[in-house]
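Reader: I would like to go through this model with you, beginning with any enclosed space inside it. Could you put the structure up before we start?

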Amino acid sequence: MAAPVSMCCRLFDRNGALTRVRKLFARRVNRSIARSCSGATHEENEVELTDSTIAGSNFKTRATQKRLRDDSILPFSAFLTDNFGRRHNYLRISLTEKCNFRCQYCMPEEGVKLTPRGQLLSTSEVLTLARLFVQEGVDKIRLTGGEPLIRPDVLHIITQLRKLEGLKTIAVTTNGMNLARLLPNLKEAGLDLINISLDSLVPAKFEFIVRRKGFHKVMEGIEKAIELGYSPVKINCVVMRGLNEDELLDFAALTEKKPLEVRFIEYMPFDGNKWNFKKMVSYQEMLDRIRQKWPDLEMLQAGQTDTAKTFKVPGFKGQLGFITSMSDHFCGSCNRLRITADGNLKVCLFGNSEVSLRDVLRSGASDEELLQIIGAAVGRKKKQHAGMFSISQMKNRPMILIGG
């Protein structure tokens, strides 16, 4: 591996400014260390250094990056533009691996071994990375977890994000357990959008799916969001055969009188969630069932980078959405990047290749050095993820450790 590292270092050190990063890379290679996708707790997902730090033939040099921006050849940061022209202006940041629920599709029944606190991103590191991405063109940041609202400094983080020039949208995906209590302050801090997970309207079934009590608190959080003027309030429902597919019509009916967008999500495979093709209810099956009740259901025009296929029953206040990651992927318009709670950059939800921005940041790297690493990772992003059966066999983090 000496030759690839030497090549990478020559690319990095044209102006003699990247010595620290070069030493970091060389040290990693010489010791044959590849960081796993969640510290020492997921050794089976180790990623080769060539997959996480070396761009190879696709690597854009600093001179090329500067020319692209100065000449306006690309109206968007070259660091965040992949080889298929996809511009990544949407960043998801996981604030914590902890959660007060244990959802069956998200976490193994036995739970997960959490990353030591010192290996998680600090508040200042979260804000440093957010600032850097926003400077390069990210205009939407979604805070995820685990459960992001259990992080003590979540209000401070949102307040500071709101100060970033160019950031248009701050969103949160939450299980809703603490939402009613925190939402007034979250709104005042600058929170724009809310996605709330809710997989059943039957309290006993809800508790079975999430392995915890809390149904009524989640419903209270949804009502508080509506009361405070969020519109639409998005409800995320992972549909699983034998568990909650019989509630499709009940969920759809919620949109009649309330400004909700109920989004039905195809069941996706992640480590420990015992994914099985027979448990997955496809978008087309869900749509057909809903259309039997409301045959005049109409499809709405979607934005270029929208993940949901949206529909509306004429006369209803809200609408429906379908996230078709498994049966009809939307990779061609993907504009999302993810930073895990332990500081790894994932360019694809279903990919197991990651690069540690935390380690580079803590090595004392400059913004320019970080951007080179980010640009290399984005440049290696694949055209699309594998098919559903291939995905189910791949090693990846449990959803809770990705920030889904």
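Reader: Which residues line the largest cavity?

Author: This is a predicted model. In it, the largest cavity is lined by L198, M219, I222, E223, I235, L254, K258 and L260.

Reader: How does that lining divide by class?

Author: The lining has 6 nonpolar residues and 2 charged ones, with no polar residues.

Reader: Which element supplies the largest share of the lining?

Author: Helix 9, covering residues 215-227, supplies the largest share, with 3 residues.

Reader: What is the volume of the largest cavity, and how many cavities of 30 Å³ or more are there?

Author: The volume of the largest cavity is about 50 Å³. The count of cavities of 30 Å³ or more is 4. Rolling a probe the size of a water molecule over the atoms shows where empty space is left.

Reader: Let us turn to the packing. How many residues are in the largest nonpolar core, and which have the most contacts inside it?

Author: The largest nonpolar core comprises 97 residues, and F133, I141, L161, F264 and L345 have the most contacts inside it. Helix 5, residues 123-135, gives the most to this core, with 7 residues. As a general remark, nonpolar side chains tend to be buried together in soluble globular proteins.

Reader: Take L345, then. What is it in contact with, leaving aside neighbours within four places in sequence?

Author: With those neighbours set aside, L345 is in contact with F133, L337, R338, I339, S353, E354, V355, L357, I374 and A377. F133, which appears in that list, is also among the residues with the most contacts inside the core.

Reader: And for the chain as a whole, what percentage of residues count as buried?

Author: Of the 404 residues, 56% count as buried. The chain has 14 helices and 13 strands. Among contacts with a separation of 6 or more, 73% are between residues 24 or more positions apart. The exposed area is about 17,400 Å², and carbon and sulfur atoms supply 50% of that area.

Reader: Now the backbone. Where are there cis peptide bonds?

Author: One is the bond from G145 to G146, with omega near 15 degrees. G146 lies in the loop between strand 3 (140-144) and helix 6 (154-161). Another cis bond runs from S231 to P232, with omega near -5 degrees. P232 belongs to the loop between helix 9 and strand 6 (233-239).

Reader: What is phi of R211, and where is R211 found?

Author: Phi of R211 is near 60 degrees, which is a positive value in a residue other than glycine. R211 is in the loop between helix 8 (203-210) and helix 9.

Reader: Why does R211 count as partly exposed?

Author: R211 counts as partly exposed because its relative accessible area is 26%, which falls between the 20% and 50% limits.

Reader: Back to the loop glycine for a moment. How far apart are the C-alpha atoms of M107 and G146?

Author: They are separated by 9.7 Å, while the two residues are 39 residues apart along the chain. M107 is located in the loop between strand 2 (90-94) and helix 5.

Reader: Is M107 buried or exposed?

Author: M107 is buried because its relative accessible area is 4%, under the 20% limit.

Reader: One last residue: what does L249 touch, not counting residues up to four places away in sequence?

Author: L249 touches R289, I290, K293 and W294. The C-alpha atoms of L249 and R289 are 8.1 Å apart in space, with the residues 40 apart in sequence. L249 itself is in helix 10, residues 248-253.

Note on methods. Residues numbered from 1 in each chain as written. Predicted model: local features only at pLDDT ≥ 70, side-chain atom pairs only at ≥ 80, totals over all residues. Heavy atoms only, no water. 1 Å grid on protein atoms, 1.4 Å probe; cavity = no way out; pocket = protein on both sides within 12 Å on 5 of 7 lines; lining within 4 Å. Points joined across faces, edges and corners; volume = space filled by probe spheres on them. Helix = DSSP H or I, 4+ residues; strand = E, 2+ residues; numbered from the N terminus. Nonpolar A, V, L, I, M, F, W, Y, C, P; charged D, E, K, R; others polar. Core = buried A, V, L, I, M, F, W, Y, C linked by side-chain atoms within 4.5 Å. Buried < 20%, exposed > 50% of the residue type's maximum accessible area, 1.4 Å probe, protein only. Contact = heavy atoms within 4.5 Å. Areas by Shrake-Rupley, 256 points an atom, 1.4 Å probe, with all protein chains shown as cover.
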